[in-house]
Amino acid sequence: MRSLPTRWILRGAPFQSDGNGESGDFPAILKHLILQRGLPAGDELETFLRPRLKDLGDPFEIGEMKEAVDRILLAADRGEKVVIYGDYDVDGVSSIAVTRQVLRAYGLEPRSFIPKRSSEGYGLSSAAIARMTSEGEKPDLLIAVDCGTASVDEIAALRKDGIDVIVVDHHEPGPKGRPDVVALVNPKCGGGPAYLCAAGVCFKLGHALLKTRPREGFDLKELLELVSVATIADIVPMLGENRLLVRHGLKRLPNTLNPGLKALQEVAGMNGRATSMDVGFRLGPRLNAAGRMDVPEDALATLLTDCRRKAHELAERLEGYNRRRQAHEVQIRKEALAMLNETFDPKRDPVIVLGSRSWHPGVVGIVASRLMRQFNKPTFIIAIDENGVGKGSGRSIEGVSLVEAINASRQHLLAGGGHDMAAGISVEEDKLDVFRKEFGEFVLKATDEEQRQPRLYVDAEIPFSDLSLEFLKEYELLQPFGNSNPQPIFMSREVNLSRPPVHMKNQHLRLHLRQGYHEQDAVYFGGGEVALPDPPWDIAFTIDRNHFRGRTSLQVIIQGVRAAE
């Protein structure tokens, strides 16, 4: 079964090099990408390309920050019992780690708590709060990080029990309005950069505390690595202060003083440098795997330990969870593809909705993402429990809001919500078919045939003769890449193979390519599962810096291959 053919679209005006690579104040390729992305000019462009920590904004721009700072300092002065309650993903555990390090600088010894993904669900659930209360002393103050903004009923119950609550979050407010908290520190509820992830907001809280009551010997910069990992893993927009925090966090990451992050880099095979891709594809999945396997405490312990030996033990444990996650993913994807082979027609069917009682609920989102990319269809993959209740994760294509789709099908769902491009649902097993039908009808109404066609956007067409480490150095000024600042995709035409492709593990290909007299090594992740046309090819690719046995080279990472036009 083949997916629909992908249409390649060249963005904006063609790239014109002037021969020596320079164009005014910037190298030609950098100027091309700056203009194409509509980046600002003058001092604003300099700040974008070379962000400085001193350009961080005032943390008190975020609403209710002063109230949060005052309550935390009161807890420190009184020696109160504090619980930091956070989510089980990378942003959640990083937010707990950042907040804990800050509070310890003020003499507090907070307890950390994370809900179980499978049995307690996301955020401040009643079941998780009950377990938190049973496992330790009742706190005087609970700080909810990466959750809590919409937990009006749960926070009301905590307040009734005499527990003060501070929420430090970045999620959208719920329909019930503001919860009864001492402080709601959330840029989406007023003031400050609304694009921050929760760990970024926690970092701003630390900054506000230090501005109010400085602590000698405590360096907030040592938490930048945690913030950068969370920001990349949570796929928030790579703009403004996010870009600044990530640029400086990635610079510090290879030599981090955090034993857990150091051990994770070694386990993940990182070799002395760190990019957004390294974090997104190496560190993030290993930290997330613990939450997916219902042991998020191990991810948090990895980030918090001061012991190098313990850090390596924990990093290896996370590596084991990640392998288990990968095994679940491979099995679910294999079974999902078998289901699609029976009834699915990419030309006819506008969506993918699949469910099974044998699928792990912590992994369905990854499979949904892979199938969405493979077939360019809005996708929900659903794990059904023994009671016939399914918990599913969805991923969408450009132009289709999953939030709107869920609202349009609400009568067939037990619950649902999230973001436009990624969302979750709860649905009864016998309602899957009717939900699939309604979801498909919504997509057909919301899009036209051209919008449903797979598209690959190319930033510039360049020949192999232009590819060099100098070229890479120029374009790396746009780093860090991520949401709202995607990694540029380049294109080269009439490319041939120097020798046959080499299959690596997990269906990846290593390619040796030739264009005229110029040769280039390349990697095609997942290329072993793709039916490649006969050469010569047009190739779409990104570039990265590759370090191997002390040698640095430019590496091509294939994003698409077609017969040369």
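**Aromatic pairs and an open sheet**

Phe380 and Phe439 are both buried (under 20% relative accessible area, 1.4 Å probe, protein chains only). The model is predicted, with local features requiring pLDDT of at least 70 and side-chain atom pairs pLDDT 80 or more, while totals for chains, interfaces and linings use all residues. Residues are numbered from 1 along each chain, and side-chain values use heavy atoms, without hydrogens and water.

Aromatic pairs are rings of Phe, Tyr or Trp (its six-membered ring) with centres within 6.5 Å; planes under 30 degrees apart are stacked, over 60 edge-to-face and the rest tilted. The count is 9 aromatic pairs. The ring centres of Phe380 and Phe439 lie 5.3 Å apart with planes at 65°, so this pair is edge-to-face. Because Phe380 belongs to strand β10 (residues 379-384) and Phe439 to helix α17 (residues 432-446), the pair ties together parts 59 residues apart in sequence. Helices (H or I, at least four residues) and strands (E, at least two) are DSSP runs numbered from the N terminus.

For Phe490 and Phe541, the centres are 6.2 Å apart and the planes at 50°, so the pair is tilted. Phe490 lies in strand β16 (residues 490-503) and Phe541 in strand β19 (residues 537-548), 51 residues apart. Both Phe490 and Phe541 are buried, and they form one aromatic cluster with Phe471, Tyr475 and Phe481.

An open sheet of 5 strands follows the order β5-β4-β6-β7-β8 with parallel pairing, where pairing requires at least two DSSP bridges between two strands. Its edge strands, β5 (111-113) and β8 (183-185), each pair on one side only. Strands β6 (residues 141-145) and β7 (residues 164-168) pair in the parallel sense over 5 bridges.

Note on methods. Buried means under 20% relative accessible area, exposed over 50%, partly exposed in between (1.4 Å probe, protein chains only).
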